[in-house]
Amino acid sequence: RKFIRRLCCALEGRINPNAIGCSLIKGFQSDKSGNIRQYSHLIAEKLKIQTAVVMGAGSAGEVADGNFSETTIGSVDREVGRILQVLIETPHFLTVVSNDADGVEICSALKNIVACGAGFLDALDHGNSTTAILIRLALIEMIDFVDVFFPDTKLSTFFQSCGIVNLISTCFGCQNRRISEAYIRSQKTLVKVEKDLLNGQKLLGAEISEQIYHMIVRTEAEERFPIFFIIHKIFTREAKPEQLLESMRNSHCAHFRFRHNLDW
């Protein structure tokens, strides 16, 4: 991710304007003020081409093995979405085209934070029922976060592969969950765990968690997004992993305090 801007600058002015961009990059780019921006926007701006996104629950290895999988194609231009659908879809790899490209990309980024929380729960030896509760509560926070900060997105996007399906699969079997569990069990710093287990690469969920944390603090929305808030605090060792359970209780209360008027 950190090379995207440099690569786009190198390609600027060299791409056919009729070309179609397709981003599978998860996460956000942050500016000095702490504002976040989708990578697809950066690609489209620098290369001056239409850029769609492809986000879903299918892991690369499982798709390559021919396991039944699905994904969501996000494109504001439906014809571009259809072209990508023809190119990507196979009998064992289903696709759905959504014109809510921003929603597709944002969903796929936020779920990585939740997966880190699932890893914390695993490190505390909680079972699948507790993880399922985390998924339910965090999904509500995801929907509310998008409603507050990206109000032009669609609620229906959360029920596509890029949303709830991706969230569930990530919380039970991805790198963010595994590394977050190892981080809690090891008592090492996150930097040391990343060096040992990721060859120094940054853990995506922790990186996104920090970006979202700053947005929450800047808007004084800590009580509205207690799960997102505490996950970053756990990564910085400012909070104990056990405090995630209390934040889950607070998130349940926040659902009624802040969201009872939402039109579901």
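**Notebook: helix packing and the open sheet**

I began with helix 6 (residues 128-149) and helix 7 (residues 161-173), which pack at an angle of about 140 degrees with their axes 11 Å apart. The model I examined is a predicted one. Angles over 145 degrees would count as roughly antiparallel; I therefore entered helix 6 and helix 7 as oblique to each other. I recorded the crossing of helix 6 and helix 7 as right-handed.

I then looked up the residues at this contact. Helix 6 contributes Asn128, Thr131, Ile135, Leu139 and Met142. From helix 7, they are met by Ile164, Leu167, Ile168, Cys171 and Phe172. By class, I noted eight nonpolar residues, two polar and no charged in the contact of helix 6 with helix 7.

Next I turned to the sheet. I found four strands forming an open sheet, ordered 1-4-5-6, with mixed pairing. Strand 1 (20-23) and strand 6 (93-98) each have a single partner strand and stand at the edges, so one side of each lacks a neighbour in the sheet. On average, and with direction ignored, neighbouring strands of this sheet are turned by 25 degrees against each other.

I checked one pairing in detail. Strand 5 (residues 69-74) and strand 6 run parallel and are joined by six bridges. I traced Gly74 to its bridge partner in strand 6, Ser98.

Last, I noted the helices lying across the strands. Helix 4 (residues 78-88) lies across strand 1, strand 4 (50-55), strand 5 and strand 6, and runs at about 175 degrees to strand 6. Helix 5 (residues 101-123) lies across strand 4, strand 5 and strand 6, and I entered its angle to strand 4 as about 40 degrees.

How values were computed. Residues are numbered from 1 along each chain as its sequence is written. This is a predicted model: local features need pLDDT of at least 70, side-chain atom pairs count only at pLDDT 80 or more; totals for chains, interfaces and linings use all residues. Side-chain values use heavy atoms; hydrogens and water are left out. Axes are lines fitted to C-alpha atoms, for helices over the stretch in contact, and angles run from 0 to 180 degrees between N-to-C directions. Helices (H or I, at least four residues) and strands (E, at least two) are DSSP runs, numbered from the N terminus. Angles under 35 degrees count as roughly parallel, over 145 as roughly antiparallel, 65 to 115 as roughly perpendicular and the rest as oblique. A crossing is left-handed if the near helix is turned anticlockwise from the far one by less than a right angle, and right-handed if clockwise. Contact means heavy atoms within 4.5 Å. Ala, Val, Leu, Ile, Met, Phe, Trp, Tyr, Cys and Pro count as nonpolar, Asp, Glu, Lys and Arg as charged, and the others, Gly among them, as polar. Two strands pair if DSSP finds at least two bridges between them.
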